[in-house]
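Grab a pencil and work through these short exercises one at a time. Try each task yourself before you read its solution.

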Amino acid sequence: MAITKSEALFKEAVQYIPGGVNSPVRAFGSIGSTPRFIKKADKALMWDEDDNEYIDYIGSWGPMILGHNHPLVLDAVLEYAKRGLSYGAATSIEVDMAKLVCSMVPSIDMVRMVNSGTEAVMSAVRVARGFTRRDKIIKFNGCYHGHSDALLVKAGSGVMTAGVPDSLGVPAGCTADTVTADYNSLESVQDCFDRYGEQIAAIIVEPVGANMGTVPPKPGFLQGLRDICDKYGSLLIFDEVITGFRMQADGAQGYFGVTPDLTTFGKIIGAGMPVGAYGGRREIMEMVSPVGAVYQAGTLSGNPVAMAAGIAQLTYLKEHPDVYTKLNETADSFFAELQKIVDESGRGYQVNHICSLGSMFCTTQEVYDYETAKTSDTKAYADYCNYMQNHGIYLAPAQFEAMFISAAHTQEQLSQTLETARSYFKNN
Ligand code: KE4
């Protein structure tokens, strides 16, 4: 596959943008190849600057659950863009979006729009600390919640030590109140409460781990977090930036039947436009400025064009629940077939999936947390991923990410993907 234009663009990009990209994973560093510079996308397909066509399993890292360029979304954006891009003033479309989110997610009485998942999480953590008047938060090793300082903490057993920054530029004080536990281990969570108990403002969790690869919660794990938060008066924050509106209309909390106190959203809520949101019970959300004492603000928060895109996509999902039924059934059979192909290869690799989210781990170990995810052979994944990319299948260019299937993927495209995977294992 010729990628000369991407290669030339990447050479130029690295001179002006750190690493040549505006988000690190896009640089293909984990798989050691040149990132494809994409020039357009439609439904489940993308084309790079060299006119190579790819079946897309990123979907912009989650937003494109209906596929790229859905006519309802495109029409809404064009319609609103004509009215002016941003006013910095209250608008009726923001009320429409807030009412729509509250109607789709029963645990949410009030919601605040922001511009990214990072901003949603940063704000939700601040609200939880403000509401409880406590400082400590628990996060899980292998879960990613955006790049706000308090959450850029090294994986490890936080119980014995204060959280250690996982990035230069994050002062120790910013992570000192962040405690880390192990995903799917209620025991490690209990250890944190044994040590910090009533100092803990909140637990923040990805209800399905998707940033260590796809790691579903074990039965009882999420309910266990709910119970321990109730016991100690801490808040439970579900980071549904990926799972929100993906698994079903009311997200992972609806799918698993566990109710958080606060929820963060991103990705699907904006349909590809920069939108994040956080919401929850009225008594908590009324802590947020200007009505409450927890400050949070944003110039482009609730941007009308972005709201129009998100509302078009969420409304379609709300009014067509059969989209989830069909998408989840399609994904179930796709990942089952992928596991079969992997089993036939004799490599013993693991395929984790839940609904339309999934990952193939290059390890023979069952993957249920960060430690087991890290047993994956990332070079083997790179080899597989590069083969698939060079054969027109655009997978996450990193082992510890997820695959996203959309409602726009056709049976033919899914079969082509599986055949390409089969040929990889046969020839390598
Ligand atoms: P953003 O700030 O990137 O919109 O959202 C941060 C975030 C928060 N919470 C969860 C569960 C997330 O997965 C993310 C961001 N996800 C990554 C994909 N692993 C975005 C891709 C990227 O960083 O370029």
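**Exercise 1.** Find the loop that holds P290, then describe the peptide bond leading into P290.

Solution. Start by locating the residue: P290 sits in the loop between α9 (282–285) and α10 (304–319). Keep in mind that you're looking at a predicted model. Now check the bond from S289 to P290: omega is near 5 degrees, and the peptide bond is cis.

**Exercise 2.** Is N184 buried or exposed? And what about A271, buried or exposed?

Solution. Take N184 to begin with. You'll find N184 in the loop between β6 (178–182) and α6 (186–196). Its phi is near 70 degrees, which is positive even though N184 isn't a glycine. The cut-off for buried is under 20% relative accessible area. N184 has 12% relative accessibility, so N184 counts as buried.

Next comes A271, in the loop between β9 (262–265) and β10 (276–280). A271 isn't a glycine either, yet phi is about 55 degrees, a positive value. With 8% relative accessibility, A271 therefore counts as buried.

**Exercise 3.** Which residues come nearest to the ligand, and which domains supply the shell around the ligand?

Solution. There are 16 residues around the ligand, and S23, T118, N211, D239 and E401 come nearest. Sort the shell by class and you get 5 nonpolar, 7 polar and 4 charged residues. Domain 1 (4–57 + 321–427) and domain 2 (71–319) each give at least three residues to the shell. For one contact, look at T118: an N or O atom in its side chain is 2.7 Å from a ligand oxygen.

Definitions and conventions:
Residues are numbered from 1 along each chain as its sequence is written. This is a predicted model: local features need pLDDT of at least 70, side-chain atom pairs count only at pLDDT 80 or more; totals for chains, interfaces and linings use all residues. Side-chain values use heavy atoms; hydrogens and water are left out. A residue is near a molecule or strand if one of its heavy atoms lies within 4 Å of it. A polar contact is a pair of N or O atoms within 3.5 Å; within protein, one must be able to donate a hydrogen and the other to accept it, and residues adjacent in sequence count only if both atoms are side-chain atoms. Ala, Val, Leu, Ile, Met, Phe, Trp, Tyr, Cys and Pro count as nonpolar, Asp, Glu, Lys and Arg as charged, and the others, Gly among them, as polar. Domain bounds come from an automatic or database domain assignment. Helices (H or I, at least four residues) and strands (E, at least two) are DSSP runs, numbered from the N terminus. Buried means under 20% relative accessible area, exposed over 50%, partly exposed in between (1.4 Å probe, protein chains only).
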